[in-house]
Protein chains: 2
Amino acid sequence: MTPQRQLVLDALLELEHATPEQVCHHVQRTTPTVNITTVYRTLELLEELSVIRHTHLGHGAPTYSVDGHEHVHLVCHRCGRVDETDIEVMSELCGTLRAAHGFALDATHLALSGTCEPCTRAKAAENTQRAQEGQA
Amino acid sequence: MTPQRQLVLDALLELEHATPEQVCHHVQRTTPTVNITTVYRTLELLEELSVIRHTHLGHGAPTYSVDGHEHVHLVCHRCGRVDETDIEVMSELCGTLRAAHGFALDATHLALSGTCEPCTRAKAAENTQRAQEGQA
DNA sequence: TTATTTGCAAACCTTTTGCCAGCAG
DNA sequence: CTGCTGGCAAAAGGTTTGCAAATAA
């Protein structure tokens, strides 16, 4: 465990989840000489060792987090907001998929996509407005 | 609807889902002059018109499919295999998330990640082997 | 003619690779 | 010494943009 690797891991512990770029910035705040290449290589290494894992939030870069940070990500594909919810909500689905497909679901690795509450309301408001315009 | 746009849409109808690159290759089999730029622009346009949609399968490029091709993708993060299952399996989860977070789940937009059956068996076999080696 | 669409080339961003130097065993 | 590690620069992959020619209204 070299100083650079410790820095990357510390950054992840502090940020909870972050893209490689974000980790790099965070590390460079204290140690500006650390290269983005090193961050990528360290993340890869730590992942092989099962110390960290990565999650695809759908659009763009994957985010890394320390193992044990286990929850489901809810990504709004309208505003980009990322919520989290307990992994518990997936337990039934997990059983269903295992039974039907032999598929062992890893609920933390991929995010769920949809529309968050504020955006749902915003959309409803738009539709109401459009309907009224149509009537007028 | 220009010829190029029709070609892109036809390619998607035939391929069911495909990355922009795959669409481009498919289109170029019949019309080699079509540019990848046009494919991207057409996909973007068709998506705005809600004719097609895209799904992030986790690693790498997004895949596009025609609207109505509604099922859930199960991606194995060990072998990369992509299975599909009925959207029905998500209905309970969908209700739970709506009630708890006001989150309107779009089950088709993001894939679910896990380990497929063959890979689960392969892993189990590896573990058995390792255990036997340890005993010997 | 005016607006839209296309093709090409180049830019862009994120991630990966090759190579050399530095450090540790 | 030998091998792993880190930094730099360059390459690679996927996507976007600027511009001018072609096309359509």
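## Where DNA strand C meets the protein

Let us start at one small spot: a polar backbone atom of Thr33(B) sits 3.5 Å from a phosphate oxygen of DNA strand C. This is a predicted model, and that spot is a handy way into it. Two side chains of chain B also reach this strand. Thr38(B) places a polar side-chain atom 2.7 Å from a phosphate oxygen of DNA strand C, while Arg41(B) has a side-chain N or O atom 2.9 Å from a base nitrogen of that strand. The surface near DNA strand C draws two or more residues from each of these elements: α2 (20-30) and α3 of chain A, and α1 (3-15) and α3 of chain B.

In total, 16 residues lie around DNA strand C, and the nearest of them are Tyr40(A), Thr2(B), Gln4(B), Thr38(B) and Arg41(B). Sorted by class, this surface holds five nonpolar, seven polar and four charged residues. What share of the strand C atoms within 4 Å of the protein belongs to sugar or phosphate? The share is 70%, and bases make up the rest.

## Where DNA strand D meets the protein

Now for the other strand. DNA strand D is surrounded by 16 residues, with Thr2(A), Arg5(A), Thr38(A), Arg41(A) and Tyr40(B) the closest. Of the strand D atoms that come within 4 Å of the protein, 66% are accounted for by sugar and phosphate. The surface near DNA strand D consists of five nonpolar, seven polar and four charged residues.

Several individual approaches from chain A can be picked out. Thr2(A) has a polar side-chain atom 2.4 Å from a phosphate oxygen of DNA strand D. The side chain of Asn35(A) brings an N or O atom to 3.4 Å from a phosphate oxygen of the strand. For Gln4(A), a side-chain N or O atom lies 3.0 Å from a sugar or linking oxygen of DNA strand D. Looking at whole elements, α1 (3-15) and α3 (36-48) of chain A and α2 (20-30) and α3 (36-48) of chain B each give at least two residues to the surface near this strand.

## How the two chains are related

How can chain B be laid on chain A? A turn of 180 degrees with a shift of 0.0 Å along the axis does it, and the RMSD is 0.1 Å. This is the relation of a two-fold axis. Both copies use the same surface, as 100% of the contact residues of chain B recur in chain A.

## A core built from both chains

Next, take a look inside the protein. The largest nonpolar core contains 26 residues, and Met90(A), Leu112(A), Met90(B) and Leu112(B) have the most contacts inside it. Two or more residues of this core come from each of β3 (72-76) and α4 (91-101) of chain A, as well as β3 (71-76) and α4 (91-101) of chain B.

Leu112(B) is a good residue to follow here. Setting aside neighbours within four places in sequence, its contacts in chain A include Met90(A), Leu93(A), Leu97(A), Phe103(A) and Leu112(A). In chain B, Leu112(B) is in contact with residues including Val72(B), Leu74(B), Val75(B) and Met90(B).

## A pair of histidines in loops

His77(A) is found in the loop between β3 and β4 (82-85) of chain A. Is this histidine buried or exposed? With 39% relative accessibility, His77(A) counts as partly exposed. Beyond residues up to four places away in sequence, His77(A) touches Ser113(A), Gly114(A) and Thr115(A), along with Asp106(B) and His109(B). The side chains of His77(A) and Asp106(B) make a polar contact at 3.4 Å. The C-alpha atom of His77(A) is 34 Å from that of Gln6(A), 71 residues apart along the chain.

In chain B, His77(B) is found in the loop between β3 and β4 (82-86). His77(B) counts as partly exposed, with a relative accessibility of 39%. Leaving aside neighbours within four places in sequence, His77(B) contacts Asp106(A), His109(A), Ser113(B), Gly114(B) and Thr115(B). Although His77(B) and Gly114(B) are 37 residues apart along the chain, their C-alpha atoms are separated by 6.0 Å.

## A buried threonine

One last stop is Thr19(B), which is found in the loop between α1 and α2 of chain B. Its relative accessibility is 15%, so Thr19(B) counts as buried. Not counting neighbours within four places in sequence, Thr19(B) is in contact with Ala61(B), Pro62(B) and Thr63(B).

Notes:
Residues numbered from 1 in each chain as written. Chains lettered and ligands numbered in written order. Predicted model: local features only at pLDDT ≥ 70, side-chain atom pairs only at ≥ 80, totals over all residues. Heavy atoms only, no water. Near = heavy atom within 4 Å. Polar contact = N/O pair within 3.5 Å; in protein donor to acceptor, adjacent residues only side chain to side chain. Helix = DSSP H or I, 4+ residues; strand = E, 2+ residues; numbered from the N terminus. Nonpolar A, V, L, I, M, F, W, Y, C, P; charged D, E, K, R; others polar. Core = buried A, V, L, I, M, F, W, Y, C linked by side-chain atoms within 4.5 Å. Buried < 20%, exposed > 50% of the residue type's maximum accessible area, 1.4 Å probe, protein only. Contact = heavy atoms within 4.5 Å. Least-squares fit on C-alpha atoms with pLDDT ≥ 70 in both.
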